[in-house]
Amino acid sequence: MKWLSGGNEFLKDRATIHTKLSKDLFGTERKIALFRSDLFAFTNVQEVAGDTIVMYMSFLREKLKESNMLNMIGFVDPSSLGVGNSTDRSRSFSAALKRGKPGQFFLVPYNTGKHWILSVVSPSEELVYFMDPMKRRMDVTTDEWRTIVNQYGIPEQIGDKSCGYFIMLYMREIVQDKEQNWTKKWLTRGDEKYTMQDVDVVRQEWAEYVLKFTSN
């Protein structure tokens with residue numbers, strides 16, 4: 001965690017870390033700009049920005065590639081869900097899902113304003129698994145999504161600033177599950193918890209991955 005702790009010093013003479021992620025992640029190229037404030041927030045377990053989460057999604061895609069699981073899980077850019085009016089967002093979301101393969105799940109982080117949630121979408125089943133780190137329910141169904149499954153068994157966030165880190169932990173656990181049993185594991189309430197040590201694992205992975213882009 002040494003580099004992460006010194007993030008502000010590292011960026012002392014440069015405003016941001018700039019890079020561009022390939023279209024393999026979201027279907028189109030994605031520009032990234034990580035500011036000193038983003039590193040400071042991540043170092044101190046404060047609220048995380050969208051690009052911070054996108055970088056971790058890029059890291060997770062590499063893990064899927066290593067495990068030959070790219071046909072099982074895809075990703076939707078969280079920024080595409082917060083741009084334009086509701087019609088524009090719906091079109092953007094639908095376009096992203098059309099990239100999918102039969103039976104593929106899509107991980108869809110979304111910030112409601114001050115809080116991160118995760119939806120895992122199965123287009124072929126017209127199904128959404130809803131994961132709120134505060135364990136709130138979503139009961140709204142639409143013509144497009146016939147079934148909403150609230151995942152009651154997910155670990156509940158610690159404090160009021162950790163939702164983004166818990167979203168990353170949920171995604172990490174899904175990506176690591178080669179049998180994709182998380183749908184059953186989290187369906188009912190359980191005793192599973194994430195600790196700050198678990199959060200630190202994600203932060204370490206993120207920091208080591210971002211370090212590869214510091215020369216860009």
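Analyst: Let's start with a word we will need often: a residue counts as buried when its relative accessible area is under 20%, as exposed when that area is over 50%, and as partly exposed in between. Keep in mind, too, that the model in front of you is predicted.

User: Thanks! Then what share of the residues in the protein chain is buried?

Analyst: Of the 216 residues in the protein chain, 47% are buried. The chain has nine helices and seven strands. Among its contacts with a separation of 6 or more, 56% are between residues 24 or more positions apart.

User: Let me try one helix. Which residues of helix H4 are buried?

Analyst: H4 covers residues 36-43, and its buried residues are Asp38, Leu39, Ala41 and Phe42. Looking down the axis of H4, you find these buried residues within an arc of 160 degrees, so they line one face of the helix. Just past the helix, look at the backbone: H4 is followed by valine 45, which has a positive phi, near 50 degrees.

User: Why do residues three or four places apart point the same way in an α-helix?

Analyst: An α-helix has 3.6 residues a turn, so a step of three or four places brings you round to a similar direction. Salt bridges give us a case to look at. Lysine 63 and glutamate 66 join their side chains in a salt bridge, at 3.7 Å from N to O. They sit three residues apart in helix H5 (residues 50-66), so about one helical turn separates them.

User: Are those two partners buried or exposed?

Analyst: Neither is buried: lysine 63 is partly exposed because its relative accessibility is 33%, and glutamate 66 is exposed because its relative accessible area is 57%.

User: How many salt bridges are there in total?

Analyst: The count comes to ten. Another one joins arginine 203 to aspartate 200, with 2.6 Å between the closest N and O atoms. Both partners lie in helix H9, three residues apart, or about one turn. Here arginine 203 is buried, since its relative accessibility is 6%, while aspartate 200 is partly exposed at 29%. Salt bridges can also share partners, and in this way Arg30, Asp51 and Asp77 are joined into one network.

User: Which salt bridge links distant parts of the chain?

Analyst: Take glutamate 205 and arginine 172, whose closest N and O atoms are 2.9 Å apart. Glutamate 205 belongs to helix H9 (residues 196-211) and arginine 172 to helix H7 (residues 163-176), with their positions 33 residues apart. Glutamate 205 is buried at 16% relative accessibility, and arginine 172 is buried at 19%.

User: Now for empty space. How is it found, and what is there here?

Analyst: The general idea is to roll a probe the size of a water molecule over the atoms, which shows where empty space is left. This structure holds one cavity of 30 Å³ or more. The largest cavity has a volume of about 50 Å³. Its lining is made of Phe130, Met131, Asp132, Lys135, Arg136, Arg137, Asn150, Gln151 and Tyr152. By type, the lining residues divide into three nonpolar, two polar and four charged.

User: Where does tyrosine 152 lie?

Analyst: Tyrosine 152 is in the loop between strand S7 (147-150) and H7. It is partly exposed, because its relative accessible area is 22%. Apart from neighbours within four places in sequence, tyrosine 152 contacts Lys135, Arg137, Trp186, Leu187, Thr188 and Arg189. Take the last of these: tyrosine 152 and arginine 189 are 37 residues apart in sequence, yet their C-alpha atoms are 5.0 Å apart in space.

User: Could we read two more residues this way, threonine 183 and lysine 31? What are their elements?

Analyst: Threonine 183 is in helix H8 (residues 182-185), and lysine 31 is in strand S2 (residues 30-35). Threonine 183 is buried because its relative accessibility is 15%, whereas lysine 31 is exposed because its value is 64%. Leaving out neighbours within four places in sequence, threonine 183 touches Phe105, Tyr129 and Gln151. With such neighbours left out as well, lysine 31 touches Thr19, Lys20 and Asp51. Lysine 31 also sits 6.3 Å from leucine 21, C-alpha to C-alpha, with their positions ten residues apart in sequence.

How values were computed
Residues numbered from 1 in each chain as written. Predicted model: local features only at pLDDT ≥ 70, side-chain atom pairs only at ≥ 80, totals over all residues. Heavy atoms only, no water. Salt bridge = Lys/Arg side-chain N within 4 Å of Asp/Glu carboxyl O. Helix = DSSP H or I, 4+ residues; strand = E, 2+ residues; numbered from the N terminus. Buried < 20%, exposed > 50% of the residue type's maximum accessible area, 1.4 Å probe, protein only. 1 Å grid on protein atoms, 1.4 Å probe; cavity = no way out; pocket = protein on both sides within 12 Å on 5 of 7 lines; lining within 4 Å. Points joined across faces, edges and corners; volume = space filled by probe spheres on them. Nonpolar A, V, L, I, M, F, W, Y, C, P; charged D, E, K, R; others polar. Arc of directions from axis to C-beta. Contact = heavy atoms within 4.5 Å.
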